[in-house]
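Colleague: I am new to this model and would be grateful for a close look at one part of it. Please take a single side chain as the starting point and then place it in its surroundings.

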Amino acid sequence: MAQAPKIKIQFNGFDEFQLYLAAMHGELGRISERAMKKATLMAMTEITDRIRGGRYKKLSPLTAFLKNLEGYSSTPLIRRGALLRSITREVVTPYKGVVGVNKNATWRKKGGGTVDLGSIALGLHEGMRIRITEKMRIAFIRKMGALRAKAGGASMLSRRGSKKNIIRIPPRPFIKEVFDDPAFIVKVEDIFWAEMTKGLGISR
């Protein structure tokens with residue numbers, strides 16, 4: 001029976017070749033790590049800059065009015081700045097970086113106690129529906145009364161929506177939108193190619 005064709009490849013000085021590959025791998029890892037640090041920092045900055053710039057779906061007029069009455073900005077995703085401060089970056093390996101909300105981040109409530117900021121961030125990012133309980137409705141009506149007095153009986157506050165059973169928070173994908181942006185991806189690629197050219201003399 002005919003033998004299957006075979007090709008035999010042999011390197012002279014194979015030990016030297018292995019050492020060369022190991023050295024190249026180490027250098028490539030160092031180059032990639034430098035690029036990854038720059039890329040993750042750029043991503044984190046891009047995410048926070050877009051939030052500060054109000055790039056996402058605007059708040060309803062009533063919500064914006066209420067936030068202003070309480071002394072907060074009407075910019076979506078910004079209240080006390082907890083979400084912005086929770087956005088972090090990590091270089092896991094020279095070839096893997098993570099940018100997002102710190103999984104251990106918490107938000108301190110006014111009345112005491114803390115809330116898992118990661119869960120809140122996910123809801124803000126993906127959108128969510130909140131079912132209003134009777135306890136929540138009563139607390140909301142009391143708050144609206146206090147704010148109405150503070151605002152001098154502003155007519156907008158009469159549309160308090162206390163009969164609604166569900167509040168819908170629209171999605172504001174503050175992380176996904178950045179990584180889905182082709183222009184941003186080109187910037188990331190430019191960082192890696194610049195480091196490759198600088199470190200190994202390899203260009204596109």
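What is the relative accessibility of Arg 30, and how does Arg 30 count on that basis?

Modeller: The model is a predicted one, and the values that follow are computed from it. Arg 30 has a relative accessibility of 45% and therefore counts as partly exposed. The class follows from two limits: buried means under 20% and exposed means over 50%, with partly exposed in between.

The partner of Arg 30 comes next. Arg 30 forms a salt bridge with Glu 27, and the closest N and O atoms of this pair are 3.0 Å apart. Both residues belong to helix 1, where three residues, or about one turn of the helix, separate them. An α-helix has 3.6 residues a turn, so residues three or four places apart point the same way. Glu 27 has a relative accessible area of 25%, and it is therefore partly exposed as well.

Helix 1 covers residues 14–52, and other charged residues along it deserve attention. Arg 34 is the next to consider. Its salt bridge is with Glu 195, with 3.2 Å between the closest N and O atoms. This pair joins distant parts of the chain, since Arg 34 is in helix 1 and Glu 195 is in helix 7 (residues 182–200), 161 residues apart. The two partners fall into separate classes of accessibility. Arg 34 is partly exposed, because its relative accessibility is 35%. Glu 195 is buried, because its relative accessible area is 4%.

Helix 1 also holds Arg 50. This arginine is buried, because its relative accessible area is 4%, a value under the 20% limit. The side chain of Arg 50 makes a polar contact with the side chain of Asp 181, at 2.6 Å. Arg 50 and Asp 181 also take part, together with Glu 46 and Glu 177, in a network of salt bridges.

A further pair has Lys 176 and Asp 180 as its members. These two form a salt bridge in which the closest N and O atoms are 2.5 Å apart. Asp 180 is partly exposed, because its relative accessible area is 46%. Lys 176 is likewise partly exposed, because its relative accessibility is 48%. Over the whole structure, a search finds seven salt bridges.

Another residue of helix 1 may be approached from a strand. Arg 89 is located in strand 1 (residues 87–93), and it is partly exposed because its relative accessibility is 35%. The C-alpha atom of Arg 89 is separated by 6.0 Å from that of Thr 40, although their positions lie 49 residues apart along the chain.

A contrast is offered by charged side chains that do not take part in a salt bridge. Lys 57, Arg 129, Arg 131 and Arg 168 form a positive surface patch, and residues enter such a patch only without a salt bridge. Arg 131, one of them, lies in strand 5 (residues 128–131). Arg 131 counts as exposed because its relative accessibility is 59%.

The setting of these details is the fold as a whole. The protein contains seven helices and six strands, arranged along the sequence as α-α-α-β-β-β-β-α-β-α-β-α-α. Of its 204 residues, 26% count as buried.

The stretch that includes helices 2 and 3 can be followed in order. Helix 2 (residues 61–69) has Leu 62, Ala 64, Leu 66, Lys 67 and Leu 69 as its buried residues. After this helix comes Gly 71, with a positive phi near 90°. Leu 77 is in the loop between helix 2 and helix 3. Its phi is also positive, near 75°, in a residue other than glycine. Leu 77 is buried, because its relative accessible area is 14%. Helix 3 (residues 82–86) includes Ala 82, which is buried because its relative accessible area is 15%. The C-alpha atoms of Ala 82 and Trp 107 are separated by 6.7 Å, with the two residues 25 apart along the chain.

To return to the starting point, Arg 30 is partly exposed at 45% relative accessibility, and its salt bridge is with Glu 27 in helix 1.

How values were computed. Residues numbered from 1 in each chain as written. Predicted model: local features only at pLDDT ≥ 70, side-chain atom pairs only at ≥ 80, totals over all residues. Heavy atoms only, no water. Patch = residues over 30% accessible without salt bridge, like charges linked within 9 Å, V, L, I, M, F, W, Y side chains within 5 Å. Areas by Shrake-Rupley, 256 points an atom, 1.4 Å probe, with all protein chains shown as cover. Salt bridge = Lys/Arg side-chain N within 4 Å of Asp/Glu carboxyl O. Lys, Arg positive; Asp, Glu negative; His and termini not counted. Charge placed at Lys NZ, Arg CZ, Asp CG, Glu CD. Helix = DSSP H or I, 4+ residues; strand = E, 2+ residues; numbered from the N terminus. Buried < 20%, exposed > 50% of the residue type's maximum accessible area, 1.4 Å probe, protein only. Polar contact = N/O pair within 3.5 Å; in protein donor to acceptor, adjacent residues only side chain to side chain.
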